[in-house]
Amino acid sequence: MKNFFLSLSIRKKILVAMLIISIIPLTILTIFTANSVYSDTYRELIDNRKMSINWVADRLALSVSEYRDQFYEFEVNKSLKNDILSWADEDRKLEYPAQERIRTAFHTAISMDATINSIELHNLFTGKSFVALRSGTFVSEIQPETSTLDERNLNLQTNLFFMRVEKEILVIHRINQFETKVPKALMVIHLKPEALGDILESIKTTENESVVLLNDEDEIIQMNTGDGEFPSEDVITSRLREMKNADNEQFIKLDDYFYFYQSVSDGKLQVVKIVPNHVLVNSLEKTLLIGFLITLLNIIAAILFSIMFSNIISKPIITLSKKMQTLTLDSSNKPNTVKRDDEIGILHTSFNEMIKRNQKLILQDYQSKIDARDAQLRALQAQINPHFMYNTLQVIGGMALEKSVQEIYNITLALSDIMRYSLNFSKEMVPLREEIVYLNSYLFIQNQRFGNRIHVKQNISDTLMDMLVPKLVVQPIIENCLIHGFQDKPGEWNIAISAKMMNERDVVLVISDNGQGISSERLRTIQEELKQGTPKAITSAHHIGLINVNSRIKLSFGETYGLTVDNREGEGAVVTIFMKILMKEGGSVEL
């Protein structure tokens with residue numbers, strides 16, 4: 001053997017020496033590293049799932065807080081709470097005005113949240129219920145699906161708790177008399193299962209994992225199960241109690257399953273994530289296999305091709321690093337696909353998936369903001385019509401008793417034009433010309449009512465007649481003049497409408513009257529309500545026209561635009577509307 005070694009060439013001797021020096025330490029290091037990686041990766045997989053359940057607990061806590069805030073909004077509305085408590089004090093009918101206030105509040109909440117199926121208000125004294133569906137409202141003898149309320153542990157809260165009834169999740173809030181603490185009514189929000197199920201599904205790392213949501217009585221209200229076998233509900237609740245009784249124990253391993261636990265909002269909800277043990281083992285085996293393959297490649301590369309392949313091995317990492325430095329989240333900048341099966345390929349694939357997810361999340365966030373804005377605009381638009389239509393129909397009814405058929409025909413024709421215009425929300429922005437045509441129909445009807453006392457003077461150029469304005473932006477102001485400015489005023493009622501360009505992008509529309517003006521105290525109140533913006537416009541029962549128009553202008557053009565109200569003592573009021581100039585396609589304006 002000695003003579004054989006000595007007979008080898010120097011290149012081969014160096015090769016044998018390198019093999020001995022490289023392979024033995026590398027083998028020892030590989031074994032040690034494998035054990036270390038196995039234990040570290042095992043802990044990391046567990047820690048990752050701990051982090052994921054903490055994350056989902058935070059998401060659920062945010063949802064619980066939103067539902068709590070929703071109930072709080074109903075409670076702090078004094079008129080609404082008085083309606084509810086008055087209805088619950090004795091066995092009497094829920095009056096129409098109270099029904100309208102409750103209906104408006106409930107439908108506003110339903111329209112703002114697509115996951116709400118319905119909202120119910122149950123009278124604990126009479127057993128009657130007020131039910132608000134997306135399609136309408138009604139009062140009935142429906143009993144709440146909460147017969148276990150009286151059986152709840154006295155240590156549990158009743159201000160907000162969850163239940164599961166068939167395919168819905170119920171969020172329940174009990175309303176008490178403040179002075180006596182006596183329960184008066186029960187408010188129940190019916191949620192679609194995906195309201196909370198989508199949050200649970202988002203933390204499943206593999207298809208074999210399951211996520212369970214329980215209420216404060218350890219009852220399962222949502223269960224997103226994985227593929228294959230998973231523990232029964234009795235086993236899950238049993239494991240939950242074991243973790244709750246343990247000190248600072250966030251997870252346990254029993255029966256080949258890992259159970260990860262987290263409480264939400266002081267126990268109002270509880271989350272349990274169930275991971276089969278073989279899922280972690282499979283992940284570890286794949287990691288170790290890749291590690292051994294890399295070790296083998298390192299031995300060969302270190303002996304034969306260390307210099308030649310250094311550039312080849314490092315090149316993909318440099319490429320990925322440059323891509324990470326230059327790639328933006330702009331949807332037009334698509335990441336390149338790299339076809340590799342090793343760690344570099346995994347990094348490329350993971351990075352590409354991360355970019356795609358971020359781009360998708362950005363688009364979803366942008367779309368949700370657009371949807372929320374559209375919902376606000378439509379809620380404001382829908383608010384402006386009903387009271388006027390009711391008054392107009394009263395006029396027609398009176399004329400039917402006193403005047404001829406031709407006059408009834410004319411006013412009905414004008415009313416049909418108004419309804420066709422005001423109830424069609426296919427377009428949010430219309431030319432000012434259309435708005436003026438609609439205004440003339442409205443004034444025709446009002447002149448029939450007030451004996452042709454209304455005189456309107458318009459000073460608007462043909463160019464500005466073509467600019468786009470939010471629909472129903474002029475008529476509510478004129479209606480405000482008739483109701484408040486000309487009440488009990490003798491003689492002619494004069495209204496002036498003028499438009500003036502401030503610069504190339506802004507225009508001012510001024511509406512003034514010769515009415516009685518506005519008192520200083522009332523003017524301050526109106527100006528304060530205008531500053532409160534869109535939320536005040538949706539819930540306001542006073543000054544609907546001014547606040548509604550102001551909010552829609554701000555939603556359409558931005559917070560720098562809107563309207564102001566001024567008082568000319570003894571001469572009437574002036575409303576100034578500040579808007580951005582928008583023209584129909586192909587149109588233009590000149591100073």
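E166 sits out in the open: its relative accessible area is 75%, so it counts as exposed, the cut-off being over 50%. This is a predicted model, and E166 is a good way into it, since this residue has a positive phi of about 55° without being a glycine. From there, the notes below move to another positive-phi loop residue, then to a six-stranded sheet, and finally to an asparagine in helix 12.

**Loop residues with positive phi**

- E166 belongs to the loop that links strand 4 (161-165) with strand 5 (168-176).
- S265 is another non-glycine residue with a positive phi, near 55°.
- You'll find S265 in the loop between strand 10 (257-264) and strand 11 (269-276).
- Exposed or buried, which is S265? Its relative accessibility is 19%, so S265 counts as buried, given that the cut-off is under 20%.

**The six-stranded sheet**

- The sheet is open, its six strands run in the order 3-2-1-6-5-4, and the pairing is antiparallel.
- Strand 3 (137-140) and strand 4 are the edge strands, each with pairing on one side only.
- Ignoring direction, neighbouring strands in this sheet are turned by 20° against each other on average.
- How many bridges join strand 2 to strand 3? There are four, and the two strands run antiparallel.
- Helix 4 (residues 96-112) packs on the sheet and touches strand 1 (116-123), strand 2, strand 3 and strand 6 (183-191).
- The direction of helix 4 makes about 40° with that of strand 2.

**V131, inside strand 2**

- V131 is part of strand 2, which covers residues 129-133.
- Across the pairing, V131 stands opposite F138 of strand 3.
- V131 has a relative accessibility of 2%, so it counts as buried.
- Measuring C-alpha to C-alpha, V131 and F106 are 9.2 Å apart in space, with their positions 25 residues apart in sequence.

**N447, in helix 12**

- N447 lies in helix 12, which spans residues 432-450.
- At a relative accessible area of 13%, N447 is buried, because the limit for that label is under 20%.
- Which residues does N447 contact, once its neighbours within four places in sequence are set aside? They are N452, R453 and I454.
- For I454 there is an atom-level detail too: its backbone nitrogen lies 2.9 Å from a polar atom of the N447 side chain.

Notes
Residues are numbered from 1 along each chain as its sequence is written. This is a predicted model: local features need pLDDT of at least 70, side-chain atom pairs count only at pLDDT 80 or more; totals for chains, interfaces and linings use all residues. Side-chain values use heavy atoms; hydrogens and water are left out. Buried means under 20% relative accessible area, exposed over 50%, partly exposed in between (1.4 Å probe, protein chains only). A polar contact is a pair of N or O atoms within 3.5 Å; within protein, one must be able to donate a hydrogen and the other to accept it, and residues adjacent in sequence count only if both atoms are side-chain atoms. Contact means heavy atoms within 4.5 Å. Two strands pair if DSSP finds at least two bridges between them. Axes are lines fitted to C-alpha atoms, for helices over the stretch in contact, and angles run from 0 to 180 degrees between N-to-C directions.
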